[in-house]
Amino acid sequence: LRHAERLTEKDAQRLAAYAENPPGAAVLIVTARGVGSGTLRPKTPAPPGRLKGLALAAATLPCSTPREGEIKNLIRKRLSADGKEIDPEALAVMVDFIGQDMTAVMKEIEKLLLFLGDRRRIETSDVEEMIPHLKAHSIFELTDALSGGDAGGAVSIIRDMMVSGAQPVQMLPMIRWHFMRLWRMKVLLEQGKSISEAAQAVKIVGFRAKEYAAQVKRIPHAAFHN
């Protein structure tokens, strides 16, 4: 049962009554958003609202969205199980473009393992080869055009990315995420941090730190806001 948070009060009470004495041969999995954390113990702190009775009668398990570091660790662990390793740059590119969708991440890993064959190490070129819309243009090239005021270049890159399979709904959060990191880096540099210190603070891969710093210099605070 998905989206239990949408249940009416009456239906939530009926579900809670069912959970207090369920049939032994059945397993019912209920998912709900925004109802707080829980534990694997049957008696857990109850969320507020109409799902309180259900939470008290059932075993609950929090399923929070993994953070970037957790996703990277999961990728490394999965690859290690097959005796493979991934270059830090390739890992950063993979996480940047796929995001927090673990189903998509694991699917791309399986493709990479098949593509890699007997080779042990996954490089950035492998990631770009296996994720179609990365091969034509990177998000960095797009945001570089945007930050430089090159509207024609940006439109051309977007067109190529879409032809290669990228979706607008994927591009928008990437663009926002990139410019938020640039803005944070600008603030840190103005506070006296070195390029490497600022890059590390906003989790920018070391080899790209100077490229990001160059973009930062071109963009005033007002432009970031706009």
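**Note on the predicted model**

1. Lys186 lies in helix H10, which spans residues 168-190. The model is a predicted one. Lys186 is buried yet has no salt bridge. The nearest side chain of opposite charge is that of Glu190, 4.2 Å away. A salt bridge needs a nitrogen and a carboxyl oxygen within 4 Å, so Lys186 and Glu190 are not counted as one. Leaving aside residues up to four places away in sequence, Lys186 touches Val216, Ile219, Pro220, His221 and Phe224.

2. Helix H10 as a whole has 23 residues. From its first C-alpha to its last H10 reaches 33 Å, close to the 33 Å expected at 1.5 Å a residue. Its buried residues include Met171, Met174, Phe179, Arg181 and Leu182, as well as Lys186. Among the elements that cover the buried residues of H10 are H4, H9, helix H8 (139-147) and helix H12 (209-218). Just after H10, Gly192 takes a positive phi of about 100 degrees.

3. Helix H5 covers residues 102-116, 15 in number. H5 reaches 21 Å between its first and last C-alpha, close to the 21 Å expected at 1.5 Å a residue. Which residues of H5 are buried? They are Met102, Val105, Glu108, Ile109, Leu112, Leu113 and Leu116. These cover an arc of only 145 degrees around the axis, which puts them on the same side of H5. The face turned away from that buried side carries the exposed residues Thr103, Lys107 and Leu114.

4. The cover over the buried residues of H5 includes helix H3 (68-81), helix H4 (88-98), strand S2 (121-122) and helix H6 (124-130). After H5 comes Gly117, with a positive phi near 65 degrees.

5. Side chains of opposite charge can pair when their charged atoms come close. A search of the whole structure finds 10 salt bridges. In one of them Asp82 pairs with Arg78, and the closest N and O atoms are 2.6 Å apart. Arg78 also meets Glu110 in a salt bridge, at 2.7 Å from N to O. Arg78 lies in helix H3 and Glu110 in helix H5, so this pair ties together parts that are 32 residues apart in sequence. Arg78 is partly exposed, at 22% relative accessible area. Asp82 is partly exposed at 41%, and Glu110 is partly exposed at 38%.

6. Arg121 and Asp87 meet in a salt bridge of 3.3 Å, N to O. The pair links distant parts of the chain, with Arg121 in strand S2 and Asp87 in the loop between S1 and H4, 34 residues apart. Are these two residues buried or partly exposed? Arg121 is partly exposed, with a relative accessible area of 30%, whereas Asp87 is buried, at 15%. A network of salt bridges links Glu85, Asp87, Arg120, Arg121 and Glu123.

7. Ala154 is found in helix H9, residues 151-163. Its relative accessible area is 3%, so Ala154 is buried. Ala154 and Leu142 are 12 residues apart along the chain, and their C-alpha atoms are separated by 5.5 Å. Not counting residues up to four places away, Ala154 touches Leu142, Ala145 and Leu146.

8. On confidence, the protein averages a pLDDT of 80, and 88% of the residues score at least 70. Among its elements, helix H7 (residues 132-136) has the lowest mean pLDDT, 54, and strand S1 (residues 85-86) the highest, 93. Over residues 38-47 pLDDT stays under 50. For that stretch the model has 28 contacts beyond four places in sequence.

Terms used
Residues are numbered from 1 along each chain as its sequence is written. Side-chain values use heavy atoms; hydrogens and water are left out. Helices (H or I, at least four residues) and strands (E, at least two) are DSSP runs, numbered from the N terminus. Buried means under 20% relative accessible area, exposed over 50%, partly exposed in between (1.4 Å probe, protein chains only). Lys and Arg count as positive and Asp and Glu as negative; His and the chain ends are not counted. Contact means heavy atoms within 4.5 Å. The expected span of a helix is 1.5 Å times one less than its number of residues. The arc is that of the directions from the helix axis to the C-beta atoms. pLDDT is the predictor's confidence in each residue, from 0 to 100.
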